[in-house]
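User: I'm new to reading protein models and keep tripping over the vocabulary. Can we go through one together?

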Amino acid sequence: MVAAAAIAPPAPAIGAASAPVIEIEDVTRVYHLGDVDVHALRGVSLRVERGESIAIMGASGSGKSTLMNLIGCLDRPTSGTYRLAGKDVSRLSASELARVRGERIGFVFQNFNLLARTSAVENVELPLLYAGVGGHERRTRAIAALEQVGLGSRLDHTPNQLSGGQQQRVAIARALVSQPEIVLADEPTGNLDSRTSVEVMAMMQALVAKGITVVLVTHEPDIAQYAARVLTLKDGKVVSDTRHEPVRAVLEPEVAS
Amino acid sequence: MSPWATIKVAIKALLRNKLRSLLTVLGIVIGVAAVIAMVAIGQGARNRVKGVFEAMGTNLLVVSPASQNTGGVRGGGGTASTLTFSDIDFIRNEASAVRWVAPQLQTKVQAAGDDQNWNTQVTGTTPEYFQIRSWAATSGQLFDDAADAGGAKVAVVGNTIVQQLYGGANPVGQTVRLGNVPFTIVGVLAVKGQSPMGQDYDDVIIIPSRTFRAKLQGGLGNFLRGSIYVSAVSADATALAESQVTEVLRAHHKLKDDEEDDFRVRNLAEFAEAQSQSTDTITTLLAAIAAVSLLVGGIGVMNIMLVSVVERTREIGIRMAVGARPIDLMVQFLAEALVLAALGGLIGLGVGALAASTLATKFGWAVVFPSDVAALAVLVSGGIGVTFGLYPAVKASRLDPITALRFEA
Ligand SMILES: Nc1ncnc2c1ncn2[C@@H]1O[C@H](COP(=O)(O)OP(=O)(O)OP(=O)(O)O)[C@@H](O)[C@H]1O
Ligand SMILES: [Mg+2]
């Protein structure tokens, strides 16, 4: 295991074009629970280049979700800075963060988080709705995204008419429909069987192949090996950061790439 | 998001809970319906009152003799005549706000046609009387000043007389005997229906006042045993006409400053106005009570919106995660409240109009659908939706996305 500092990334280049997509410097996140302070992150630094795939591992309570929420602009650090594609987003307002999320980030959750009683295509349209994309284009792009994850024939199905794997594919379609720079997946395979997990990971790899940066949280080493880089957290600190040749997710479904 | 897209999202959300949306809207429906029905009925009642008084005469003042005060012994109202036929000329010549003046002499007689007879009221007057009361002839004609001056034995009859004495046949040219005096019928009056007190306006026979005095009152004395009908030049001038008539009569009756009037002037226009105003007051009161139920409806909307925000916390989190800004969520929940309330307003409009027309047929009076009040009611209910939806909407927009995403319904 290599220490995080040992593979310190190169110094940041001037200008956004060549800037790392994620650039986190000494970030902490403290939750105040009454009189108790919970230090969920205790000084994390991380750089992720465009098109990288990175798996975050660690014991329960080590701060993985907290870090993901920060990367996803759902939350702001207590201290430290976070530059997303060269832009400091660590002190933005709720409204500005929402815009950044809509423009640059796609989320995939463990429990899918689809709108109930809402068709697959409408679920996928949702990010475009808030991005102000017109009705017709919205529909076209949502259908294209669903076709990309192999659900072209399930457009009007609601989540309770879909299997877990299919629901997660709808969620992936929703994450990629707005053509984000980063897709964040917090335990995307946590609720799926191993076969479906491979399917989902194959789709994630397809995203990486298209130059999208994928960050995923997982407990399972099997899943982590599909990523080119594995970051391990412990008690709110990075304890290891390794790169390797990712395993290709076989059992590949029809993902257009 | 465009306003239309926002409204569409709101409608979709409301349709997911159809029954609940409908029940929520009920309070507003009832409120708006009640306001509209109340105002419709009230305005109908007002118009009815106005119509009734208009039917009695245009800008009408009625002058009648009052109790005469002779050496401390006071008779009752109208016990003796203090009015004279000269008073009519005085009023006509000296009261500038007066347009028409005519005597009204009345007595009950047995009227006989060829083979029928009928007890009715005969009115003796001058042609101006027809103007004052806006009465026109449907067949034949009204008598003129020459007929009055010459004491012609001519009569104009109402429809009830036509029915009772002539079985509905046109009686113009026929002879009707009043008491024992034969009169030639020269005209038939247009049908007018009933007075507010249920008196039949068509059960009348009108003859020239001079003839009335000579043949039915038995003399051509100057005292006027009846009343004087006065029409002011305009509705606004009735009060002025009233004071002018009072002044003229006091002067000619040579009343001293400390003496009471020996006549009475009743301003029917003013009376009608007072009546309308009291109907208006009741209408306003009822509408205010109805408006309270509108308010209660608004609170119902707020309640359901609050429940809805909690129930849909996860949905809010998802929307935030995919890029919805706090303002987007606020607008979305506001739009839902607005759509709910406006829908309630529109349904209430229909229900109110229906209730008003049902009541109209029941009471037999024309209900006036108040389009201005209707528009206002729908606007107000929309406003109530926004007002009462604001707090829940702000609550939704202030949710923390992470907490919202983790929320377990
Ligand atoms: N909203 C919160 N309020 C208070 N404490 C929190 C909150 N969220 C997380 N924590 C605390 O921060 C620490 C890190 O939590 P986090 O959810 O990041 O862990 P995790 O690595 O994702 O764990 P798991 O694998 O169980 O999901 C934990 O001690 C947790 O109790
Ligand atoms: Mg977690």
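User: How many residues from chain A and chain B does the contact take?

Analyst: The contact takes 24 residues from chain A and 23 from chain B, where contact means heavy atoms within 4.5 Å. Keep in mind that this is a predicted model, where local features need pLDDT of at least 70 and side-chain atom pairs count only at pLDDT 80 or more, while totals for chains, interfaces and linings use all residues. Residues are numbered from 1 along each chain as its sequence is written, chains are lettered from A in the order written, and side-chain values use heavy atoms, leaving out hydrogens and water.

User: Why is the pair A:Glu122 and B:Lys12 called a salt bridge?

Analyst: The rule wants a side-chain nitrogen of Lys or Arg within 4 Å of a carboxyl oxygen of Asp or Glu. For A:Glu122 and B:Lys12 the N to O value is 2.6 Å, so the pair fits. Across this interface the rule finds 1 salt bridge.

User: What makes 12 residues on the side of chain A that touches chain B nonpolar?

Analyst: Just their residue type: Ala, Val, Leu, Ile, Met, Phe, Trp, Tyr, Cys and Pro count as nonpolar, Asp, Glu, Lys and Arg as charged, and the others, Gly among them, as polar. Besides those 12, that side has 6 polar and 6 charged residues.

User: And which residues touch the most other members of the largest nonpolar core?

Analyst: Of its 71 residues, they are A:Ile22, A:Leu67, A:Ile71, A:Tyr82 and A:Val215. A core joins buried (under 20% relative accessible area, 1.4 Å probe, protein chains only) Ala, Val, Leu, Ile, Met, Phe, Trp, Tyr and Cys residues through side-chain atoms within 4.5 Å.

Key
Buried means under 20% relative accessible area, exposed over 50%, partly exposed in between (1.4 Å probe, protein chains only).
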